[in-house]
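User: I am new to this structure and would like a close look at a single part of it. Please pick one strand and walk me through its surroundings, then place it in the whole chain.

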Amino acid sequence: MIPSFVSFAGLYNGYLRRCFTGAGLFSQKIEIDDETTLHVWGPRNQSSQKPSLVLIHGFGPMAMWQWRHQVQFLAPHFNLYVPDLIFFGESTTKSKERTEIFQAESVGKLLEKIGVKKYHVAGTSYGGIVAYNLAKMLGEEKIEKVVIASSGVNMTKNHNVELLKKVGLDKIEDLMLPSTTQHLRKLMSLAVAKRIPYVPNFFLKDFLNRLYSDNRKEKMELLGGLSLGKVETSNISPLQQEVLILWGEEDHVFPVQMAHELKEIISKNAKIELIKEASHVPQIEKPEEFNKIILKFLRPSS
(Lines give C-alpha, C1' and ligand atoms only; values in the text may rest on other atoms or scores of the structure.)
Protein backbone atom coordinates (compact mmCIF):
# COMPACT_ATOMS: atom_id res chain seq x y z
CA MET A 1 0.00 0.00 0.00
CA ILE A 2 1.44 3.40 -1.00
CA PRO A 3 1.18 6.03 1.78
CA SER A 4 -1.36 8.77 0.95
CA PHE A 5 1.17 11.50 1.68
CA VAL A 6 3.49 10.34 -1.12
CA SER A 7 3.17 12.63 -4.17
CA PHE A 8 4.55 11.16 -7.37
CA ALA A 9 4.27 14.56 -9.05
CA GLY A 10 6.20 16.13 -6.17
CA LEU A 11 8.94 13.49 -6.38
CA TYR A 12 9.19 13.91 -10.15
CA ASN A 13 9.35 17.68 -9.74
CA GLY A 14 12.45 17.23 -7.58
CA TYR A 15 13.98 15.00 -10.23
CA LEU A 16 13.30 17.65 -12.90
CA ARG A 17 15.06 20.31 -10.82
CA ARG A 18 18.11 18.05 -10.61
CA CYS A 19 18.00 17.57 -14.42
CA PHE A 20 18.01 21.34 -14.95
CA THR A 21 20.78 22.03 -12.43
CA GLY A 22 22.74 19.09 -13.88
CA ALA A 23 22.54 20.81 -17.28
CA GLY A 24 24.31 23.84 -15.80
CA LEU A 25 21.20 25.96 -15.29
CA PHE A 26 20.13 27.85 -12.20
CA SER A 27 16.77 29.14 -11.06
CA GLN A 28 16.03 32.82 -10.42
CA LYS A 29 13.09 35.19 -10.13
CA ILE A 30 13.40 38.56 -11.86
CA GLU A 31 11.20 41.62 -11.31
CA ILE A 32 10.79 42.93 -14.85
CA ASP A 33 8.73 45.94 -13.75
CA ASP A 34 6.66 47.16 -10.80
CA GLU A 35 3.89 44.64 -11.46
CA THR A 36 5.44 41.51 -12.93
CA THR A 37 7.94 38.90 -11.73
CA LEU A 38 9.15 36.07 -13.98
CA HIS A 39 10.88 32.88 -12.96
CA VAL A 40 13.57 31.68 -15.37
CA TRP A 41 16.21 28.99 -15.63
CA GLY A 42 19.42 30.42 -17.09
CA PRO A 43 23.05 29.36 -17.61
CA ARG A 44 25.25 29.36 -14.52
CA ASN A 45 28.25 30.10 -16.74
CA GLN A 46 27.34 32.11 -19.82
CA SER A 47 29.68 31.64 -22.80
CA SER A 48 30.34 34.26 -25.47
CA GLN A 49 31.23 31.36 -27.79
CA LYS A 50 27.67 30.03 -27.78
CA PRO A 51 24.47 31.62 -29.15
CA SER A 52 21.53 32.08 -26.82
CA LEU A 53 18.30 30.09 -27.11
CA VAL A 54 15.00 30.76 -25.33
CA LEU A 55 12.60 27.82 -24.83
CA ILE A 56 8.97 28.83 -24.26
CA HIS A 57 6.60 26.22 -22.84
CA GLY A 58 2.97 25.53 -23.74
CA PHE A 59 -0.23 25.58 -21.70
CA GLY A 60 -0.11 22.94 -18.96
CA PRO A 61 2.60 22.26 -16.38
CA MET A 62 5.49 24.67 -15.78
CA ALA A 63 8.51 24.83 -18.10
CA MET A 64 10.54 22.11 -16.32
CA TRP A 65 7.92 19.50 -17.16
CA GLN A 66 7.88 20.38 -20.85
CA TRP A 67 11.57 20.90 -21.68
CA ARG A 68 13.34 18.29 -19.53
CA HIS A 69 14.46 16.23 -22.55
CA GLN A 70 15.88 19.31 -24.28
CA VAL A 71 17.98 21.10 -21.68
CA GLN A 72 20.65 18.44 -21.20
CA PHE A 73 21.10 17.96 -24.95
CA LEU A 74 21.02 21.65 -25.92
CA ALA A 75 22.95 23.22 -23.01
CA PRO A 76 26.40 22.35 -24.46
CA HIS A 77 25.48 24.19 -27.69
CA PHE A 78 23.58 27.24 -26.38
CA ASN A 79 23.23 29.62 -23.50
CA LEU A 80 19.77 28.34 -22.54
CA TYR A 81 17.01 30.46 -21.01
CA VAL A 82 13.81 28.67 -19.97
CA PRO A 83 11.20 31.02 -18.47
CA ASP A 84 7.90 30.19 -16.85
CA LEU A 85 5.20 32.24 -18.55
CA ILE A 86 2.98 34.42 -16.35
CA PHE A 87 0.78 32.40 -13.96
CA PHE A 88 2.83 29.25 -14.56
CA GLY A 89 5.36 28.07 -12.00
CA GLU A 90 6.59 31.03 -9.96
CA SER A 91 5.83 33.75 -12.53
CA THR A 92 3.13 36.24 -11.61
CA THR A 93 1.76 39.71 -12.27
CA LYS A 94 -0.57 42.29 -10.74
CA SER A 95 -1.45 43.52 -14.23
CA LYS A 96 -4.91 42.80 -15.65
CA GLU A 97 -3.40 42.02 -19.08
CA ARG A 98 -3.99 38.42 -20.23
CA THR A 99 -3.07 38.33 -23.93
CA GLU A 100 -0.35 36.35 -25.67
CA ILE A 101 1.13 39.72 -26.65
CA PHE A 102 1.53 40.61 -22.97
CA GLN A 103 3.27 37.26 -22.40
CA ALA A 104 5.65 38.02 -25.28
CA GLU A 105 6.34 41.55 -24.02
CA SER A 106 7.12 40.14 -20.58
CA VAL A 107 9.60 37.56 -21.93
CA GLY A 108 11.25 40.31 -23.97
CA LYS A 109 11.57 42.53 -20.88
CA LEU A 110 13.00 39.61 -18.90
CA LEU A 111 15.75 38.94 -21.44
CA GLU A 112 16.58 42.63 -21.67
CA LYS A 113 16.76 42.80 -17.87
CA ILE A 114 19.27 39.95 -17.65
CA GLY A 115 21.35 41.31 -20.52
CA VAL A 116 20.57 38.88 -23.37
CA LYS A 117 20.96 41.04 -26.48
CA LYS A 118 20.36 38.57 -29.33
CA TYR A 119 18.88 35.08 -29.32
CA HIS A 120 16.99 32.31 -31.05
CA VAL A 121 13.52 31.41 -29.76
CA ALA A 122 11.61 28.12 -29.76
CA GLY A 123 8.06 27.72 -28.51
CA THR A 124 5.72 24.77 -28.25
CA SER A 125 1.90 25.00 -28.52
CA TYR A 126 0.79 28.14 -26.58
CA GLY A 127 4.49 28.95 -26.25
CA GLY A 128 4.79 28.94 -30.04
CA ILE A 129 2.13 31.65 -30.19
CA VAL A 130 4.13 33.66 -27.65
CA ALA A 131 7.37 33.02 -29.60
CA TYR A 132 5.74 34.20 -32.84
CA ASN A 133 4.62 37.46 -31.19
CA LEU A 134 8.03 37.98 -29.60
CA ALA A 135 9.77 37.55 -32.98
CA LYS A 136 7.26 39.86 -34.68
CA MET A 137 7.64 42.47 -31.95
CA LEU A 138 11.46 42.54 -31.74
CA GLY A 139 12.41 41.68 -35.33
CA GLU A 140 15.72 40.43 -36.68
CA GLU A 141 17.68 42.97 -34.62
CA LYS A 142 17.16 40.86 -31.48
CA ILE A 143 15.74 37.52 -32.58
CA GLU A 144 17.70 35.47 -35.09
CA LYS A 145 15.84 32.22 -35.88
CA VAL A 146 12.41 31.02 -34.75
CA VAL A 147 11.14 27.50 -34.06
CA ILE A 148 7.34 27.06 -33.94
CA ALA A 149 6.49 23.58 -32.62
CA SER A 150 2.97 22.10 -32.59
CA SER A 151 1.48 25.57 -32.35
CA GLY A 152 -1.82 26.93 -33.66
CA VAL A 153 -0.46 30.33 -34.61
CA ASN A 154 -2.88 30.20 -37.57
CA MET A 155 -5.79 28.85 -35.51
CA THR A 156 -9.32 29.82 -36.54
CA LYS A 157 -12.71 29.50 -34.87
CA ASN A 158 -13.38 26.38 -36.92
CA HIS A 159 -10.25 24.67 -35.54
CA ASN A 160 -11.56 25.18 -32.00
CA VAL A 161 -15.02 23.88 -32.91
CA GLU A 162 -13.56 20.75 -34.55
CA LEU A 163 -11.28 20.06 -31.57
CA LEU A 164 -14.12 20.28 -29.05
CA LYS A 165 -16.32 18.09 -31.26
CA LYS A 166 -13.54 15.48 -31.43
CA VAL A 167 -13.19 15.21 -27.63
CA GLY A 168 -16.88 15.67 -26.80
CA LEU A 169 -16.45 18.77 -24.64
CA ASP A 170 -18.29 22.10 -24.62
CA LYS A 171 -15.47 24.39 -23.49
CA ILE A 172 -11.79 24.55 -24.41
CA GLU A 173 -11.04 25.27 -20.73
CA ASP A 174 -12.17 21.75 -19.79
CA LEU A 175 -9.48 20.33 -22.06
CA MET A 176 -6.61 22.77 -21.46
CA LEU A 177 -7.26 23.15 -17.71
CA PRO A 178 -8.60 19.76 -16.65
CA SER A 179 -10.24 19.61 -13.22
CA THR A 180 -11.32 15.95 -13.29
CA THR A 181 -9.49 12.71 -14.00
CA GLN A 182 -11.82 12.17 -16.99
CA HIS A 183 -10.75 15.47 -18.57
CA LEU A 184 -7.09 14.79 -17.83
CA ARG A 185 -7.36 11.40 -19.55
CA LYS A 186 -8.81 13.12 -22.64
CA LEU A 187 -5.93 15.61 -22.69
CA MET A 188 -3.33 12.86 -22.30
CA SER A 189 -4.87 10.81 -25.12
CA LEU A 190 -4.67 13.81 -27.46
CA ALA A 191 -1.15 14.82 -26.45
CA VAL A 192 0.61 11.61 -27.45
CA ALA A 193 0.33 9.32 -30.46
CA LYS A 194 0.74 5.99 -28.69
CA ARG A 195 -1.99 4.49 -26.56
CA ILE A 196 -1.33 5.30 -22.88
CA PRO A 197 -1.50 2.35 -20.45
CA TYR A 198 -4.14 2.65 -17.73
CA VAL A 199 -3.15 5.15 -15.05
CA PRO A 200 -4.90 4.83 -11.64
CA ASN A 201 -7.16 7.70 -10.57
CA PHE A 202 -5.17 8.45 -7.39
CA PHE A 203 -2.13 9.10 -9.58
CA LEU A 204 -4.05 11.46 -11.87
CA LYS A 205 -5.61 13.28 -8.89
CA ASP A 206 -2.14 13.93 -7.54
CA PHE A 207 -1.10 15.43 -10.88
CA LEU A 208 -4.26 17.55 -11.05
CA ASN A 209 -3.59 18.87 -7.57
CA ARG A 210 0.09 19.56 -8.16
CA LEU A 211 0.01 20.83 -11.75
CA TYR A 212 -3.43 22.25 -12.51
CA SER A 213 -4.78 23.73 -9.27
CA ASP A 214 -2.64 26.89 -8.97
CA ASN A 215 -3.83 30.14 -10.59
CA ARG A 216 -6.81 28.44 -12.25
CA LYS A 217 -8.83 31.66 -12.45
CA GLU A 218 -5.94 33.55 -14.04
CA LYS A 219 -5.20 30.73 -16.50
CA MET A 220 -8.86 30.72 -17.54
CA GLU A 221 -8.44 34.42 -18.23
CA LEU A 222 -5.33 33.68 -20.32
CA LEU A 223 -7.37 31.32 -22.50
CA GLY A 224 -10.08 33.97 -22.79
CA GLY A 225 -7.44 36.58 -23.62
CA LEU A 226 -6.11 34.73 -26.66
CA SER A 227 -6.75 36.73 -29.81
CA LEU A 228 -6.57 33.58 -31.97
CA GLY A 229 -9.31 31.08 -32.70
CA LYS A 230 -12.19 33.54 -32.46
CA VAL A 231 -12.80 34.36 -36.12
CA GLU A 232 -13.20 32.29 -39.28
CA THR A 233 -9.91 33.33 -40.90
CA SER A 234 -6.29 33.56 -39.81
CA ASN A 235 -4.75 36.99 -40.25
CA ILE A 236 -1.19 36.55 -39.03
CA SER A 237 1.52 38.62 -40.68
CA PRO A 238 4.82 37.14 -41.94
CA LEU A 239 8.01 37.18 -39.85
CA GLN A 240 11.33 38.54 -41.10
CA GLN A 241 13.31 35.71 -39.54
CA GLU A 242 14.10 32.23 -40.80
CA VAL A 243 11.42 29.94 -39.33
CA LEU A 244 11.31 26.21 -38.64
CA ILE A 245 7.86 24.65 -38.26
CA LEU A 246 8.23 21.43 -36.27
CA TRP A 247 5.20 19.17 -35.85
CA GLY A 248 4.12 15.69 -34.83
CA GLU A 249 2.72 13.94 -37.91
CA GLU A 250 -0.19 12.61 -35.83
CA ASP A 251 -0.99 15.78 -33.86
CA HIS A 252 -4.53 15.40 -32.48
CA VAL A 253 -4.74 18.98 -31.16
CA PHE A 254 -3.52 20.95 -34.18
CA PRO A 255 -3.77 18.67 -37.25
CA VAL A 256 -0.69 18.52 -39.45
CA GLN A 257 -2.52 20.35 -42.24
CA MET A 258 -2.20 23.46 -40.07
CA ALA A 259 1.59 23.11 -40.23
CA HIS A 260 1.53 23.11 -44.04
CA GLU A 261 -0.82 26.11 -44.09
CA LEU A 262 1.37 27.96 -41.62
CA LYS A 263 4.48 27.39 -43.75
CA GLU A 264 2.89 29.27 -46.64
CA ILE A 265 2.16 32.41 -44.63
CA ILE A 266 4.59 32.76 -41.73
CA SER A 267 7.81 33.53 -43.61
CA LYS A 268 9.38 33.37 -47.05
CA ASN A 269 12.24 31.67 -45.17
CA ALA A 270 10.11 28.91 -43.60
CA LYS A 271 10.82 25.21 -43.63
CA ILE A 272 8.83 22.34 -42.19
CA GLU A 273 9.88 19.14 -40.40
CA LEU A 274 7.40 16.42 -39.43
CA ILE A 275 8.10 13.79 -36.79
CA LYS A 276 6.52 10.39 -37.38
CA GLU A 277 4.60 8.58 -34.62
CA ALA A 278 4.29 11.76 -32.58
CA SER A 279 1.28 13.88 -31.67
CA HIS A 280 1.20 17.21 -29.82
CA VAL A 281 4.33 16.90 -27.66
CA PRO A 282 7.07 15.57 -29.97
CA GLN A 283 9.70 17.06 -27.65
CA ILE A 284 8.57 14.46 -25.08
CA GLU A 285 7.49 11.61 -27.39
CA LYS A 286 10.51 11.72 -29.74
CA PRO A 287 13.07 13.90 -27.93
CA GLU A 288 16.17 12.62 -29.72
CA GLU A 289 14.75 13.37 -33.17
CA PHE A 290 13.24 16.67 -32.00
CA ASN A 291 16.56 17.83 -30.51
CA LYS A 292 18.63 16.93 -33.55
CA ILE A 293 16.25 18.79 -35.88
CA ILE A 294 16.43 21.93 -33.73
CA LEU A 295 20.22 21.80 -33.45
CA LYS A 296 20.66 21.31 -37.21
CA PHE A 297 18.37 24.28 -37.92
CA LEU A 298 19.88 26.68 -35.37
CA ARG A 299 23.53 25.59 -35.62
CA PRO A 300 23.97 23.72 -38.93
CA SER A 301 27.74 23.49 -38.50
CA SER A 302 27.52 21.69 -35.10
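Analyst: Leu244 stands opposite Lys271 in β9. This is a predicted model, and that pair is a good way into strand β8.

Start with the β9 side. Strand β9 spans residues 270-275. β8 and β9 pair in the parallel sense, over six bridges. How does the chain get from β8 to β9? It crosses through helix α10, residues 256-266. This β-α-β crossover is right-handed.

Now turn to β7. Strand β7 covers residues 143-149. Five bridges join β7 to β8, and these two strands also run parallel. One pair can be picked out here: Val146 has Val243 as its bridge partner in β8. So much for the pairing; next comes the cover.

Is β8 mostly covered or mostly open? The strand runs over residues 242-248, and six of its seven residues are buried. β8 is thus mostly covered. Buried here means under 20% relative accessible area. To recap the pairing, β8 is joined to β7 by five bridges and to β9 by six.

A helix makes a useful companion view. Take α5, residues 157-167. Which of its residues are buried? They are Asn160, Leu163, Leu164 and Val167. Looking down the axis of α5, these buried residues fall within an arc of 95°, so they line one face of the helix. What lies over them? The cover includes α6 (172-176) and α7 (181-191). Just after α5 comes Gly168, which takes a positive phi of about 70°.

Finally, step back to the whole chain. It has 12 helices and nine strands; β7, β8 and β9 are among the strands. Of its 302 residues, 52% are buried. Contacts within the chain often link distant positions: of those with a separation of 6 or more, 73% are between residues 24 or more positions apart.

What about overall size? The C-alpha atoms fill a box of roughly 55 × 45 × 40 Å along the principal axes. The radius of gyration is 18 Å. A compact globule of 302 residues would have a value near 19 Å, so the chain agrees with that. As for the surface, the chain exposes about 14200 Å², and carbon and sulfur atoms supply 51% of this area.

Methods:
Residues are numbered from 1 along each chain as its sequence is written. This is a predicted model: local features need pLDDT of at least 70, side-chain atom pairs count only at pLDDT 80 or more; totals for chains, interfaces and linings use all residues. Side-chain values use heavy atoms; hydrogens and water are left out. Buried means under 20% relative accessible area, exposed over 50%, partly exposed in between (1.4 Å probe, protein chains only). Helices (H or I, at least four residues) and strands (E, at least two) are DSSP runs, numbered from the N terminus. The arc is that of the directions from the helix axis to the C-beta atoms. Contact means heavy atoms within 4.5 Å. Two strands pair if DSSP finds at least two bridges between them. A crossover is right-handed if, with the strands pointing away from the viewer, the path from the first strand over the helix to the second runs clockwise. The radius of gyration is taken over C-alpha atoms; the globule rule is 2.2 Å times the number of residues to the power 0.38. Accessible areas come from the Shrake-Rupley method with a 1.4 Å probe; for residues, only the protein chains shown count as cover.
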